[in-house]
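Work through the exercises below with the model open beside you. Try each task before you read its solution.

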Amino acid sequence: YNHLQTVTLGLEKLTDIVKHSLNRRFVYSPPSGEKRYYIAVDTYKPPHHQNQQKPADTRKESDFVVHQVTVQTPFQIEVLFESGSFHNRPNQLVGSTLTQELEKRKAAFDAKFEKTFGLESKGFSQAHIKFSKAALSNMLGGMGYFYGQSVVQSVYNEYPLLYPEGALFTAVPSRSFFPRGFLWDEGFHQLLLCKWDPQVTREAIAHWVDLMNIEGWIPREQILGDEARSKVPPEFVVQRNENANPPTLFLSLQELIEQLTSNPDTESSQPTLPFLRRLFPRLKTWFEWYNTTQSGPLPNSYRWRGRDKDTNLFLNPKTLTSGLDDYPRASHPSADERHVDLHCWMVLSSGIMATTARLLGEPYQEYELSHQVLSDNNLLIELHWSEQLRAFSDYGNHTQFVSLQQEKVYVPPGQPRHQFPVARLVRSVRRAPKLQYVNALGYVSLFPFLLHILKPDSPKLEHIFRDIRDPNKLWTSYGLRSLSKADPLYMKRNTEHDAPYWRGPVWININFLAVRALHHYSSIEGPHQEKAAALYEELRTNIINNVYRQYVETGYIWEQYNDSTGRGQGSHPFTGWSALTVLMMAEQY
């Protein structure tokens, strides 16, 4: 047993304190057998400032205590921590009392899980059910309460400033790798959590919306306080107040409203109406912010702000704000761009705004009109349909004749090479860009289908279904790949340091939207109903089988999956939106 008691200068320093206190001088001497050395916490001296007086009793100043027990496997251990506020507990929570309580809770969890998702009644094996319980539990366990200040670069200030302190209760994509809130991830997280406990979803949405500034902007990545900042590369810390992120919280609100309207008398749904009433003024401001700051060059068109500006270094400048970081957009960023995914997010948002306003008895006509105009399939085709690609596409100043080349560094004769800069990979443009459709077939092309904007009898669905099912384009045995195999940028690096991210791998959040959309079109009468039903069965089965298989083989749910082998890759454990596999298993959309 080892024990460390010391002073900490901040939560972000805890790991360093433990590391610097470790010592290998400890010896374990069993009654029989050889002595064994082991590493454990020992002592830690906090840095002492000259002007600081040493306290008479250092223990009184301690605010960080570590208890370490070193054991040999297999072992069993119980740790009891009781708050001083508990004086009259009939039994201490140890031994058989703890075991009984745990068994009761486990039985209650299992019963609620089956009642909520019904996987047993769908014929899933116990192993599949155990996997889906782990996915849900890890997402729930990843919920955290964060407090601190964001660093914000405003258009009104020369330098980044600290924002006012704020609190955030949110799920996170990955507890170990991304232990903070991401705006567009959270809308997906809450689709699953809302089925389990709508109150959790109401709390999370309320916290996110409370972080809105007076203009209606919400920072897309919540890096609150020193501890959070210590985990993030400096170039990603500063949030810019003209930059958006997909407003996926509207997906979660859609689910809350659906639960309310289909079961208005259930206990879990009843708080939703007063919640929406409190939320609505902020929602109006948020929607208006998107509508004005992210508008495009033509009426009723939209453009993501915040694309990478240094076009010389990127094969295709990233659009982090869209959530689809390195997905190919116009090669030369300009104010002439029109982004089809953002247009579709605005269709969804305006529709939910109209529904919410109607539900609350608020003026809804303006939102309804916006929704009618934006969802008009003819407008969508006029702004975004590329005849050449036979698919929906972004529009902008673009050329596909680009590549990364080793830059030439001139070294004068007789001079040592090491004194001159290392040659970088830089972009070479072989043909000048022009205003045209970007013609990159992938996730972005599917948005009018993913968000159910196309009418069930739209001829464009036929093209989309054909591209989806083509193994040389988007289809794999593991889910839909993010970028067509036929695209010039398929699996191409964006810089010498940036591996392809949304340029081929299979992502579960977009695949969930695709399965959900196929389910939608398969249940509505139309010429594509049968094709949608067949694709639905096949795609759903492929995704579930692969995510489960990778979990069994590796013990993890992954950030993304390799489109050639199905192997999990990227950060792990990733029980953010990849846990939406549970909803696909339950067929709850």
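The exercises cover a helix, a small set of strands, salt bridges and one arginine in a predicted model.

**Exercise 1. A helix and its cover**

Task: Find how far helix α2 reaches from its first C-alpha to its last, and compare that with the expected span.

Solution:
- Step 1. Helix α2 covers residues 95–117, which is 23 residues.
- Step 2. The expected rise is 1.5 Å a residue, giving an expected span of 33 Å.
- Step 3. The helix reaches 33 Å in the model, close to that expectation.

Task: Say which residues of α2 are buried, and what covers them.

Solution:
- Step 1. F113, T116 and F117 are buried in α2.
- Step 2. The cover over the buried residues of α2 includes three helices: α3 (126–141), α4 (183–196) and α16 (581–586).
- Step 3. Now look just past the helix. G118 follows α2, and its phi is positive, near 60°.

**Exercise 2. Strand order**

Task: Work out which strands stand at the edges of the sheet that contains β6, β7 and β11.

Solution:
- Step 1. Write down the order. The sheet is open, has 3 strands and runs β7-β6-β11, with mixed pairing.
- Step 2. β7 (161–162) and β11 (239–240) each have a single partner strand, so they are the edges, and one side of each lacks a neighbour in the sheet.
- Step 3. Recall the general rule. Strands of a sheet pair through backbone hydrogen bonds, either parallel or antiparallel.
- Step 4. Apply it to one pair. β6 (residues 151–153) and β11 pair in the parallel sense, over 2 bridges.
- Step 5. Pick out one bridge. V152 has Q239 in β11 as its bridge partner.

**Exercise 3. Salt bridges**

Task: State how many salt bridges a search of the whole structure finds, then examine three of them.

Solution:
- Step 1. The search finds 24 salt bridges.
- Step 2. Take E337 and R307. Their closest N and O atoms are 2.8 Å apart. Both residues sit in the loop between α8 (272–293) and α9 (340–360), 30 residues apart. E337 and R307 are both buried.
- Step 3. Take D498 and K318. Their side chains meet in a salt bridge at 3.5 Å, N to O. D498 lies in the loop between α13 (460–469) and α14 (508–522), and K318 in the loop between α8 and α9, so the pair ties together parts 180 residues apart in sequence.
- Step 4. Check burial for this pair. D498 has a relative accessible area of 25%, which makes D498 partly exposed. K318, at 13%, counts as buried, because buried means under 20%.
- Step 5. Take R329 and D341. Their closest N and O atoms are 2.8 Å apart. R329 is in the loop between α8 and α9, D341 is in helix α9, and 12 residues separate them. Both are buried.
- Step 6. Finish with a network. E101, K104 and R105 are joined by salt bridges that share partners.

**Exercise 4. One arginine**

Task: Decide whether R180 is buried or exposed, and name the residue whose side chain makes a polar contact with the side chain of R180.

Solution:
- Step 1. Locate R180. It is in the loop between β8 (166–170) and β9 (181–182).
- Step 2. Read the accessibility. R180 has a relative accessible area of 5%, so R180 is buried.
- Step 3. Find the partner. The side chains of R180 and E221 make a polar contact at 2.8 Å.
- Step 4. Look around it. Residues that R180 touches include F146, P173, Q222, I223 and K231, leaving aside residues up to four places away in sequence.

Methods:
Residues are numbered from 1 along each chain as its sequence is written. This is a predicted model: local features need pLDDT of at least 70, side-chain atom pairs count only at pLDDT 80 or more; totals for chains, interfaces and linings use all residues. Side-chain values use heavy atoms; hydrogens and water are left out. Helices (H or I, at least four residues) and strands (E, at least two) are DSSP runs, numbered from the N terminus. The expected span of a helix is 1.5 Å times one less than its number of residues. Buried means under 20% relative accessible area, exposed over 50%, partly exposed in between (1.4 Å probe, protein chains only). Contact means heavy atoms within 4.5 Å. Two strands pair if DSSP finds at least two bridges between them. A salt bridge is a side-chain nitrogen of Lys or Arg within 4 Å of a carboxyl oxygen of Asp or Glu. A polar contact is a pair of N or O atoms within 3.5 Å; within protein, one must be able to donate a hydrogen and the other to accept it, and residues adjacent in sequence count only if both atoms are side-chain atoms.
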